[in-house]
Amino acid sequence: MTILTALLQGTKLLEEETVSAPRLTAEVLLTHALQRERSYLYAHPEEELTEIAWIHYGRYLHERMKGKPTQYITGRQEFYGRDFRVTPDVLIPRPETEHLVEAAIARIHPRDLVVDVGTGSGAIAISLALETPAHVFATDISTAALRVAEANGQRLSSHVSFLACDLVDALRDQSINVLVSNPPYVPRTDQPSLQREVRDYEPHVALFGGPSGLEIYERLIVEATRVLRPHGWLLLELGYNSLEPVRAMLQREWSEITVMHDLAGLPRVIAARQDPLEV
C-alpha cells in the first residue's frame with residue numbers, strides 16, 4: 001500500500017460516509033499515522049506504508065467515520081498561530097474565538113490582571129499571556145480540562161495561573177482589569193439537532209448554558225461586577241441569537257457596549273466597561 005493509494009482509498013471511504021472535507025481529512029489522518037508533515041505525502045507518493053502506519057491510519061479513518069472529530073484523533077488544533085493539544089475533556093478551539101482574543105488584546109494594558117473564565121484547553125488565556133504584557137489567570141470548573149490547559153501552558157512557555165473554581169469564585173473583589181470568556185451558550189433544547197461530532201464527543205459542561213443558553217451569561221455578568229476593578233472590561237463570545245438578550249443584561253451597570261462581528265458578518269463578541277457610577 002503506497003502513500004498515494006492510501007490517501008485515495010481514505011478519501012473515498014470518508015466521502016461515502018459524507019464526512020466534510022474528505023480529502024483534507026484523509027491527508028491529516030495519514031500524516032498523523034506517518035508522523036510526517038502534509039508536504040511529505042506529495043513528495044513521496046510511491047513510498048510503501050509500514051504495517052504499523054497502515055494499522056494506525058485504518059483506525060483513525062474508522063474513528064472519523066464514526067463521528068469522532070479529527071482534532072480528538074490527532075490530539076491537536078491550531079489557534080492564534082499556535083499548536084494546542086486537545087482531548088475530549090475540552091472544547092475544540094474554533095477560529096471564530098480568535099476575535100475574542102483580538103478584542104481583549106486591544107483593551108489590555110501593561111501590568112493588567114486578566115482572567116479567562118472557563119478556559120478549557122487554555123487557548124484564550126495562553127494566547128493573551130503570550131501576546132500581551134498582562135498577568136493572566138484562567139479558571140475552569142473541570143479539573144480534567146485544567147490539566148490539559150496547564151500542559152499547553154507549559155509546552156508553549158506561557159505564564160498563566162490556573163484556578164479550579166466555578167466561574168470566578170476563587171477571585172477577590174475588584175481584583176481584575178479585564179475578564180474574558182467563551183462561556184457555555186448552547187440551549188439544552190438544541191442538543192438533538194447538533195452535529196454528532198459536537199453532541200457525542202465534546203464535553204457537555206462546556207457546551208450547554210442551561211435551558212435557554214443564557215444562564216451562564218447571567219451568572220457571569222453578575223459576578224463580573226464583583227471582581228472587576230472600576231472601569232474594567234468584560235468581553236464575552238456570543239452564541240447564536242444571544243446578542244440582544246446579553247446586551248439587555250448589560251444595559252444598567254455597563255457602558256461603552258461594543259459588538260464585534262466575525263468574517264461571516266455574525267455578532268461574535270460583545271465588550272462592555274463597568275461603570276463605577278452605576279454599581
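How many of the residues of helix α2 are buried? I began my notebook with this question, and I kept in mind throughout that I was looking at a predicted model.

**Entry on helix α2**

I found that α2 is mostly covered, since 10 of its 13 residues are buried. The helix runs over residues 22–34 and reaches 18 Å from its first C-alpha to its last, which is close to the 18 Å expected at 1.5 Å a residue. I noted the buried residues by name, among them Pro 22, Thr 25, Ala 26, Glu 27 and Leu 29, and also His 32, Ala 33 and Leu 34 towards the end of the list. I then looked up what these buried residues pack against, and I found α1 (3–16), α3 (38–43), α4 (51–65) and α5 (70–74). Just after α2, I came to Gln 35, which takes a positive phi of about 60°.

**Entry on other positive phi values**

I looked next at Thr 18, whose phi is near 50°, a positive value in a residue other than glycine. Thr 18 is found in the loop between α1 and α2, and I recorded it as exposed, with a relative accessible area of 70%. Arg 111 also has a positive phi, near 70°, and is likewise a residue other than glycine. I placed Arg 111 in the loop between α6 (98–105) and β3 (113–117), where it is exposed, with a relative accessible area of 67%.

**Entry on aromatic pairs**

How many aromatic pairs does a search of the whole structure find? The search gave me 4 of them. In one pair, the rings of Phe 79 and Phe 84 have their centres 6.2 Å apart and their planes at 80°, so I wrote this pair down as edge-to-face, a class that needs planes over 60 degrees apart. Both Phe 79 and Phe 84 are buried, and together with Tyr 80 they form one aromatic cluster.

In another pair, the rings of Tyr 185 and Tyr 217 have their centres 6.5 Å apart and their planes at 5°, so I noted this pair as stacked. Tyr 185 lies in the loop between β6 (176–181) and α9 (196–199), while Tyr 217 lies in helix α11 (residues 215–227), so the pair ties together parts that are 32 residues apart in sequence. I also checked how open each partner is: Tyr 185 is partly exposed, with a relative accessible area of 22%, whereas Tyr 217 is buried, with a relative accessible area of 0%.

**Entry on the second largest pocket**

I met Tyr 185 again in the lining of the second largest pocket, which also includes Leu 238, Gly 239, Tyr 240, Pro 267 and Arg 268. About 160 Å³ of space lies in this pocket. By class, I recorded 6 nonpolar, 3 polar and 1 charged residues in its lining.

**Entry on Asn 152 and helix α7**

Is Asn 152 buried or exposed? I placed Asn 152 in helix α8 (residues 143–155), and I found it buried, with a relative accessible area of 1%. Leaving aside its neighbours within four places in sequence, Asn 152 is in contact with Phe 84, Arg 85, Ser 121 and Ile 126. Phe 84 is a member of the aromatic cluster noted above, and Ile 126 is one of the buried residues of α7. I therefore looked at helix α7 (residues 123–131) last, and found it mostly covered, with 7 of its 9 residues buried.

Conventions. Residues are numbered from 1 along each chain as its sequence is written. This is a predicted model: local features need pLDDT of at least 70, side-chain atom pairs count only at pLDDT 80 or more; totals for chains, interfaces and linings use all residues. Side-chain values use heavy atoms; hydrogens and water are left out. On a 1 Å grid over the protein atoms alone, a cavity is a set of points where a 1.4 Å probe fits but cannot get out, and a pocket is an open set with protein on both sides within 12 Å along at least five of seven lines; lining residues have an atom within 4 Å of a point. Grid points are joined across faces, edges and corners, and a volume is the space filled by probe spheres set on the points. Ala, Val, Leu, Ile, Met, Phe, Trp, Tyr, Cys and Pro count as nonpolar, Asp, Glu, Lys and Arg as charged, and the others, Gly among them, as polar. Helices (H or I, at least four residues) and strands (E, at least two) are DSSP runs, numbered from the N terminus. The expected span of a helix is 1.5 Å times one less than its number of residues. Buried means under 20% relative accessible area, exposed over 50%, partly exposed in between (1.4 Å probe, protein chains only). Contact means heavy atoms within 4.5 Å. Rings of Phe, Tyr and Trp (its six-membered ring) pair if their centres lie within 6.5 Å; planes under 30 degrees apart count as stacked, over 60 as edge-to-face and the rest as tilted.
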